Amino acid sequence: MHPMQTIAVRAARAAGQTIMRAYTELDRIEVSAKGINDYVTNVDKEAEAAITYQIRKSYPDHTIVGEENGENKGSNSDYIWIVDPLDGTNNFVRGIPHFAVSIAVQHKGKTEVAVVYDPVRDELYTAVRGKGAKLNDFRLRVSKINDLSDAIVGTGFPFKAKQHSETYMKLLTSTFSQCADLRRAGSAALDLAYVAAGRMDAFFEIGLKPWDIAAGELIVREAGGTVTDFTGNHGYMSSGNIIAGSPKATVAMVKSFRPLLSDALKR
């Protein structure tokens, strides 16, 4: 196993233990608002602290970018760990058992290692650049669908960016008219992992953050999938607008999205 993957897995499992201990006592969780429709709990912060502790033990000089604590700079800026300690906080707070820990390691701007951990199901999705993707010990491959009409497509509503609601509804309507069915589960990191596992054929969302995407997109690509922004390019880490799926599903979705995009989403 890649040495940084070993540490990422250890950190994800430590965060998962913190999350699941709290999950048995949801009435004790402290929730506060970070912004409009954006919440954080004491568990998010404790899980991120557990991840940071594990990383710092082995790589004290690396930079860590976390959803809750922002950038924690190290002396070696070539290595950046991108961390979402609890992707799906709203699900977690409501007791909906669908959330995940997401950790990615970038070296000079390229994602080298990715881990998405679902502590409820004890499912560990991992990838190392050029070495493939796995779910626990089993190799992952995206689905082999040839037509969008056979596809199950995942999505997420832009509840933090409602200025895009009108365009999003056009994209949703277009996708629904072409695909077999839609899913909206509430954790982008897990949605991407499910695409890699072939459980869903494609996924799209507007306005995600790097920590939502960084691990999942490498896992999809290493499982043989295609990841693009809405224009078919590779600006999804900066724009947050992402399409991921089997190659044919992704091409079909990009083609159907292009004429529907607002100017703000063409960048």
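## Exercises on a predicted model

Leu86 belongs to strand β5. The model is a predicted one, and the exercises below work through its annotated site, its largest pocket and some single residues.

### Exercise 1

Task: Classify Leu86 as buried or exposed, and list its contacts beyond the neighbours within four places in sequence.

Solution. Start with the accessible area: Leu86 has a relative accessibility of 1%. The cut-off for buried is under 20%, so Leu86 counts as buried. Next, set aside the neighbours within four places in sequence; Leu86 is then in contact with Ile19, Asp44, Phe92, Phe99 and Ala100.

### Exercise 2

Task: State which residues UniProt places under "binding site", and decide whether they are gathered or scattered.

Solution. First take the record: the unreviewed UniProt entry gives this feature at Glu67, Asp84, Leu86, Asp87 and Asp212. Then compare sequence with space. The set spans 146 residues in sequence, but no two of its C-alpha atoms are more than 9.8 Å apart, so the residues gather at one spot. Finally, look for the set in the pocket: Glu67, Asp84, Leu86, Asp87 and Asp212 are taken in by the lining of the largest pocket.

### Exercise 3

Task: Describe the largest pocket by its volume, its lining and the elements that contribute to that lining.

Solution. The volume of the largest pocket is about 660 Å³. Its lining is made up of 34 residues, and those nearest the centre are Phe159, Lys160, Glu205, Leu208 and Asp212. Two or more lining residues come from each of the strands β2 (38-41), β5 (76-87) and β11 (152-156), and from each of the helices α3 (89-94), α5 (188-196) and α6 (210-222). Sorting the lining by residue type gives 13 charged, 11 nonpolar and 10 polar residues.

### Exercise 4

Task: Place Asp212 in its element and work out its surroundings.

Solution. Asp212 sits in helix α6. Its relative accessibility is 10%, so Asp212 is classed as buried. Not counting residues up to four places away in sequence, Asp212 touches Asp84, Asp87, Ala188, Ala189 and Leu192. Asp84 and Asp87 also appear with Asp212 in the UniProt "binding site" feature. A polar contact completes the picture: the Asp212 side chain reaches the backbone nitrogen of Lys209 at 2.8 Å.

### Exercise 5

Task: Find where Asn241 lies, and identify the backbone nitrogen that its side chain reaches.

Solution. Asn241 is located in the loop between α7 (236-239) and β15 (242-245). Despite this loop position, Asn241 is buried, with a relative accessible area of 4%. The side chain of Asn241 reaches the backbone nitrogen of Gly207 at 3.0 Å. Gly207 is also among the residues that Asn241 touches when those up to four places away in sequence are not counted; the others are Glu205, Ile206, Thr228, Asp229, Phe230, Tyr236 and Leu265. Of these, Glu205 is one of the residues nearest the centre of the largest pocket.

### Exercise 6

Task: For Lys108 and Asp122, give phi, the loop and the accessibility class.

Solution. Begin with Lys108. Its phi is near 50°, a positive value in a residue other than glycine. Lys108 lies in the loop between β6 (100-107) and β7 (110-118), and with a relative accessible area of 60% it is exposed. Turn to Asp122, where phi is near 55°, again positive in a residue other than glycine. Asp122 is in the loop between β7 and β8 (123-128). At 41% relative accessibility, Asp122 is partly exposed.

Notes
Residues numbered from 1 in each chain as written. Predicted model: local features only at pLDDT ≥ 70, side-chain atom pairs only at ≥ 80, totals over all residues. Heavy atoms only, no water. Helix = DSSP H or I, 4+ residues; strand = E, 2+ residues; numbered from the N terminus. Buried < 20%, exposed > 50% of the residue type's maximum accessible area, 1.4 Å probe, protein only. 1 Å grid on protein atoms, 1.4 Å probe; cavity = no way out; pocket = protein on both sides within 12 Å on 5 of 7 lines; lining within 4 Å. Points joined across faces, edges and corners; volume = space filled by probe spheres on them. Nonpolar A, V, L, I, M, F, W, Y, C, P; charged D, E, K, R; others polar. UniProt positions renumbered as here; feature names shortened; annotations may be inferred. Contact = heavy atoms within 4.5 Å. Polar contact = N/O pair within 3.5 Å; in protein donor to acceptor, adjacent residues only side chain to side chain.
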